[in-house]
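Dear colleague,

I am passing the structure below on to you, and my notes on it follow directly after.

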Amino acid sequence: VESRVKSAPTVKAVELTYPDPFAHPLQPGCEPKTPDPNLPGPRRLDWIADPLAIADADWPVNCAGHTTLCDILRKTAIDREVLAAVADSHAPGIYEFVDGIKRLGVENFMIIALDDALHAR
């Protein structure tokens, strides 16, 4: 007798793999260096918006020369809030960080990629 009851589909666990961020030692010349005392100090942050301004047109500020970044901020921000991380492809745990942020349901985050390898991912 042939059964007409369909069996449940097989569920397979997803195995995530990440590159080992410590697999390759630092390349010569990549060691941290002390700041050059002959260079000027840090520049003043120019993207501080008035926290009391409520009009969307007021934010982001100082977009001249940074239109792409400002466009991304307008699309990503929720109530002017963005979680931003700056990393390159050798940043330890960057992939785990992104997966964790996604699992938490955080939608207003962005990774600022410092190299083409991370940008491509």
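Is Asn-62 buried, partly exposed or exposed? With a relative accessible area of 44%, Asn-62 is partly exposed, because buried would require a value under 20% and exposed a value over 50%. Please keep in mind throughout that this is a predicted model.

Asn-62 is found in the segment before α1, the helix of residues 67-76, and its phi is near 55°, which is a positive value in a residue other than glycine. Arg-80, in the loop between α1 and β1, also has a positive phi in a residue other than glycine, here near 65°, and at 26% relative accessibility Arg-80 counts as partly exposed. A positive phi is taken up by Gly-105 as well, at about 85°, just after α2.

As to the helix itself, α2 spans residues 94-103, and its buried residues are Ile-94, Tyr-95, Val-98, Gly-100 and Ile-101. The cover over these buried residues of α2 includes β1, together with β2 (109-113) and α3 (116-120).

Strand β1, which runs over residues 83-87, also holds Val-86, and at 55% relative accessibility Val-86 counts as exposed, because the cut-off for exposed is over 50%. Val-86 joins Ile-112 and Leu-114 in making a nonpolar surface patch of about 280 Å².

With kind regards

Terms used: Residues are numbered from 1 along each chain as its sequence is written. This is a predicted model: local features need pLDDT of at least 70, side-chain atom pairs count only at pLDDT 80 or more; totals for chains, interfaces and linings use all residues. Side-chain values use heavy atoms; hydrogens and water are left out. Patches are made of residues with over 30% relative accessible area and no salt bridge: like charges are joined within 9 Å, nonpolar side chains (Val, Leu, Ile, Met, Phe, Trp, Tyr) within 5 Å. Accessible areas come from the Shrake-Rupley method with a 1.4 Å probe; for residues, only the protein chains shown count as cover. A salt bridge is a side-chain nitrogen of Lys or Arg within 4 Å of a carboxyl oxygen of Asp or Glu. Helices (H or I, at least four residues) and strands (E, at least two) are DSSP runs, numbered from the N terminus. Buried means under 20% relative accessible area, exposed over 50%, partly exposed in between (1.4 Å probe, protein chains only). Contact means heavy atoms within 4.5 Å.
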